[in-house]
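Please open the model in your viewer and keep the sequence panel beside it, so that residues can be selected by number as the tour proceeds.

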Amino acid sequence: VQLQASGGGLVQAGGSLRLSCAGSGRAFSSYAMGWFRQAPGKEREFVGSISRSGGQTYYADSVKGRFTISRDNAENTVYLQMNSLKPEDTAVYYCAGATLSWGLDTIIVTGSRYDYWGQGTQVTVSS
């Protein structure tokens, strides 16, 4: 699958953005999906993930309660709704897909478990 992330931009602290990740190729519902981010000078970190069915989600503590992941398998798209943004959320955001032939409600947290990555979209939050 090829993944294309979009929706990043510049926003003031407290604002919102919605990122999209469009998939092409093999059946999108075959993949557990995740969002990661990488700030300058820092390692990539897990943001959140969603199961193949969309029925299960899991978030990093740093974004819990502010970010929401959803997916539309008919549209081959996964979303990351980001509310109450903070300057420390500034990073390049990446979507990723993990091939799963089982486990409609399985969550994947570990980055190395993901097989496919999008190109990243920049999110900048000004104070």
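**Salt bridges and a sheet**

There are 4 salt bridges in this structure, which is a predicted model.

Begin by selecting R37, E45, R66 and D89 and showing their side chains, for these residues are linked in a network of salt bridges. As a reminder of the chemistry, side chains of opposite charge can pair when their charged atoms come close.

Within this network, zoom in on R37 together with E45, where a salt bridge brings the closest N and O atoms to 2.5 Å from each other. Are these two residues buried or exposed? R37 is buried, because its relative accessible area of 5% falls under the 20% limit, whereas E45, with a relative accessibility of 33%, counts as partly exposed.

Keep R37 selected and add D89, since R37 also forms a salt bridge with D89, in which the closest N and O atoms are 2.9 Å apart. Which parts of the chain does this pair tie together? R37 belongs to strand β4 (residues 31-38) and D89 to the loop between β8 and β9 (91-99), so the pair joins parts that lie 52 residues apart in sequence. D89 itself is buried, with a relative accessible area of 0%.

Next, select K64 and D61, which form another salt bridge, here with 3.1 Å between the closest N and O atoms. K64 counts as partly exposed at 47% relative accessibility, while D61, at 67%, counts as exposed.

Now hide the side chains and turn to the backbone, displayed as a cartoon. Select strands β1, β3, β8 and β7, which follow one another in that order in an open sheet of 4 strands with antiparallel pairing. Where does this sheet end on either side? Its edge strands are β1 (2-6) and β7 (67-72), each of which pairs on one side only. When you look across the sheet, note that its neighbouring strands are turned against each other by 15 degrees on average, direction ignored.

To finish, narrow the selection to β7 and strand β8 (residues 77-82), which pair with each other in the antiparallel sense over 6 bridges. Which residue of β8 is the bridge partner of I69? Highlight I69 and then L80, for L80 is that partner in β8.

How values were computed:
Residues numbered from 1 in each chain as written. Predicted model: local features only at pLDDT ≥ 70, side-chain atom pairs only at ≥ 80, totals over all residues. Heavy atoms only, no water. Pairing = 2+ DSSP bridges. Helix = DSSP H or I, 4+ residues; strand = E, 2+ residues; numbered from the N terminus. Axes fitted to C-alpha atoms, helices over the stretch in contact; angles between N-to-C directions. Buried < 20%, exposed > 50% of the residue type's maximum accessible area, 1.4 Å probe, protein only.
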